[in-house]
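Got the viewer open? Let's take a walk through this one, picking a selection at each stop.

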Amino acid sequence: MTQPPPCYHCGEPVLTGDRYSLRRENETLLMCCPACQAVASTIIEGGLGRYYRYRDQPGSRPETTTDFSAYDQPDFLNRILRSHTDGSAEVSLLIGGMHCAACVWLLEHQLQRLPGVSRARVSLDQQRALIQFVPDQIPLSRLCQTIAEIGYQPQPDTPDNAERLYRTEHRSALRRLGVAGIGMMQVGMYALALHAGALQGISDELRQFLRWISALVATPVVLYAAQPFFLAAWRGIRQLRPGMDLPVALAIGLAYLASLWATWQDHGEVYFDSVSMFTFFLLAGRYLEMRARHYSGRRVSDLQSLLPTTALRFAGAEDTQPNTVHLSSLRIGDRVLIQPGQTVPADGTILSGSPELNSAILTGEFAPRRHSPGDPASAGAINGDQPFTLQVSAVGADLRIHAVQRLMQQAAASRAPQTLLADRIARGFVMAVLALAALVFTLWWQWAPERAFWVTLSVLVVSCPCALSLATPVALTAATNALRRQGLLVTQAQVWEQAAAVTDIVFDKTGTLTRGLLTLRQCRPLTHLTEEQCRAIAAGLETGSNHPIARAFGASNLTADGIKHHVGSGVSGSINGIDYRLGRADWVWPAVALNPPADSGQWLLLADPQQPLAWFELDDQLRPETTEAITALRNQGLCLHLLSGDPSPAARKLGESLALDHICTGASPEQKLAYVRNLQQDGRRVLMVGDGVNDLPVLAQADIGIAMQEAPDLAKTRADAVLLAADLNLLPQLLNHSELCRRVIRQNLVWALGYNSLALPIAAAGWVPPWLAAIGMSASSLCVVLNALRLQRDSGRSH
Amino acid sequence: MESLYILIPVALLLIGGAVAAFLWAVNSDQFEDLDTESRRLLFEEEEDDNDTTSPTLQQDRSDD
């Protein structure tokens, strides 16, 4: 069986032969759909074909173009443009769909050659473009149109997003890191002189001078750069849950204070160099973690795209015709009209109409609920069958949906990797070191009191929470980075610990094992109507739905009224006065049990009240790598399950053809949840892979929930990992890599603790001068980091 | 060794300047998006050889 060729633009398999193609020089380039073809031709005929050579990943499938004319309204422009007196203006746009430097290059070139644009700077990290242009020469809508034509999705950059937080956090972390780094190097030089002096002799004045200078330089390092550790340690104490930060803060603080005392008294040892190095290494480790966290945060929780860009607003109290305005023009008290199928643009109270709203975005509840006038409605909910009017009560940053996003971000940030094995070790470690230090102090006090304090201090410094503190985060970050480069974005660090214990993998069918792109394979009319007429009726019923089934039917010039979606059964509506039903045979025509023409394939029935009209066969292809991935997972000794909402025999046949261990079809979301719970009650650890809003509760219930890239944003935000690349082979790789990661973490912890156990008695005996402490600390930290870096190389197959 | 009593304070002043410059660079967003900038060099090199169609770029070339 030959593989279909990949689309030149987005890499998906081309199933339509050469229907969408371009000629360039002597070769024909094949694309998978009209959107890819349009984007590729814009790029190549615009002279920017080099983009395809520069990029290192295929592009994303471009979405259908939207109308940007609402962006040209003056009151909206006033808000988002920064205008200058000479007529030029700047605008910041969020750009979706960028993933490599070549995209940046493409966007900048395409924008800069537009007349009226003087400068376009695109940032891949922040996923935004800063454009300087003359609004009189070129409207904002034309800029957005240009961006969409080459395959990206522009949105105005409004203040209520997480980006500001990321930028502030990043800058503050960098400032601290820089101060710590420069301070460390300076103090290191002075310390070298002091250590040499300790061995070879140094004049007292010079030694005091150097000590004072070291104290001076180390002070900003401790008071400014090391602040996060003290704050976190204090929080840990207050919550009675000390973490890894407590031993770190203790070591830095006590060593610094004791060294100041020694300098003041001109007596004893100083440890400014160790303190500065601690601070720098640990800040560096945290900085890398933060970068990884920001990366996943930016790509996964893009709630901006969940809200519509425009809304229908009534201008006055008596107005009956609404006009289209941009979302950010809405104010509290405005009346807006929401049509069937549209997303609610703001929080508010329902004034008229009894719509059925799907609030899955906010509540995770997949079944739509009927609301009445007077009920509240939240932004992000999707309207079902009835239009209704809403009185706006909250806009912008006050929306419930943003509060939900902030909660999720807080939850994610507070569930930092430190709440794992390393933290449990840290608590024991703190107790042990403090007890040991007290013991050492009392012993020395009996024997030689003048040395007691300094020996105890060297014990504290040498016990080096540095390596211990780095042991886990560096490994987790390295593993996350390695897999992220291959296309699996791990957003919850505990995935690495739990993946190694997984016993069962549960797969959703449509969109997970299969590509989720249903195509209409054939139509069998049962009456005098032609195939095309039946298809047009079905397409009319499915207009406006984003379900994969709907897209298979294509476009239609028939408009249907009263469209109602019945979850799990089908869709009903009336066209030209006749009621139709399309969906599962037993629901469409319940009177008589009708069997589809064949046993394989997914069959839908179309009927009007008098008679069944036609059978449609929909075909969903397996992903090309599914069989290989399933085999690999089975070889790892896992029990594989298919858990699908599709009740057709085709689903069961698919499961059997993949030789999965357990197959469950026609499951409702509640049944899916119960299935996974039962497995867990049997003591099994479940990894669930899914792609729809219906999978949300199950993804949360499973020990590890992985969302496909095509899943709605809510599923991706709540999942533990997102499969960015459409490659199920990343699943066995995740499991292999997590086993390696666990081993590396254990090695690191063993090494760090082992080093401490070895160094402590030596320090307790009073044989560790400051220079040896500093060397020991740096060397052990280096070992831990180098060991963790192995995880970035050993990631198996590379793309 | 007495020279150190002068040299080290001078060095500290320089360090102060370096830290100030670093903080300024961070605050003016110069450390954002380091990945694109490193690749940008590779893109710009090839531009003059291959491109023949765009009038804008031809205009650039005629400037130097």
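The tour goes from the whole of chain A to the interface with chain B, and then to some salt bridges.

**Stop 1: chain A.** Keep in mind that this is a predicted model. Select chain A and colour by secondary structure: you have 27 helices and 29 strands to look at. Of its 799 residues, 55% count as buried. Now switch on contacts. Of those in chain A with a separation of 6 or more, 66% are between residues 24 or more positions apart. Show the surface too: chain A exposes about 34800 Å², with 55% of that coming from carbon and sulfur atoms.

**Stop 2: where the chains meet.** Select the residues of chain B in contact with chain A, and you should pick up 30 of them, facing 36 residues of chain A. About 3000 Å² is buried between the two chains, and carbon and sulfur atoms give 59% of that area.

Next, look for polar links across the interface. There are two salt bridges between chain B and chain A, and three residue pairs in polar contact. On the chain B side, helix 1 (4-27), helix 2 (34-50) and helix 3 (55-63) each give two or more residues. Helix 1 of chain B has the largest share, with 11 residues. Colour that side by residue type and you get 15 nonpolar, six polar and nine charged.

Zoom in on A:Arg167 and B:Asp29, whose side chains form a salt bridge at 4.0 Å, N to O. Add A:Arg171 to the selection: salt bridges with shared partners join A:Arg167, A:Arg171 and B:Asp29 into one network.

**Stop 3: salt bridges within chain A.** Over all chains the count is 12 salt bridges. Here are a few to click on.

- Select A:Glu90 and A:Arg82. Their closest N and O atoms are 2.6 Å apart, and A:Glu90 counts as buried at 13% relative accessibility.
- Go to A:Arg286 and A:Asp245, a salt bridge at 2.7 Å, N to O. A:Arg286 sits in helix 10 (residues 272-300) and A:Asp245 in helix 9 (residues 245-265), 41 residues apart. A:Arg286 is partly exposed at 24% relative accessibility, while A:Asp245 is buried at 14%.
- Finish with A:Arg684 and A:Asp504, where the closest N and O atoms are 2.5 Å apart. A:Arg684 is in the loop between helix 23 (669-681) and strand 27 (686-690), and A:Asp504 is in strand 18 (residues 504-507), so this pair ties together parts 180 residues apart in sequence. A:Arg684 is partly exposed at 33% relative accessibility, but A:Asp504 is buried, with a relative accessible area of 0%.

Note on methods. Residues numbered from 1 in each chain as written. Chains lettered and ligands numbered in written order. Predicted model: local features only at pLDDT ≥ 70, side-chain atom pairs only at ≥ 80, totals over all residues. Heavy atoms only, no water. Helix = DSSP H or I, 4+ residues; strand = E, 2+ residues; numbered from the N terminus. Buried < 20%, exposed > 50% of the residue type's maximum accessible area, 1.4 Å probe, protein only. Contact = heavy atoms within 4.5 Å. Areas by Shrake-Rupley, 256 points an atom, 1.4 Å probe, with all protein chains shown as cover. Buried area = accessible area lost by both parts, 1.4 Å probe. Polar contact = N/O pair within 3.5 Å; in protein donor to acceptor, adjacent residues only side chain to side chain. Nonpolar A, V, L, I, M, F, W, Y, C, P; charged D, E, K, R; others polar.
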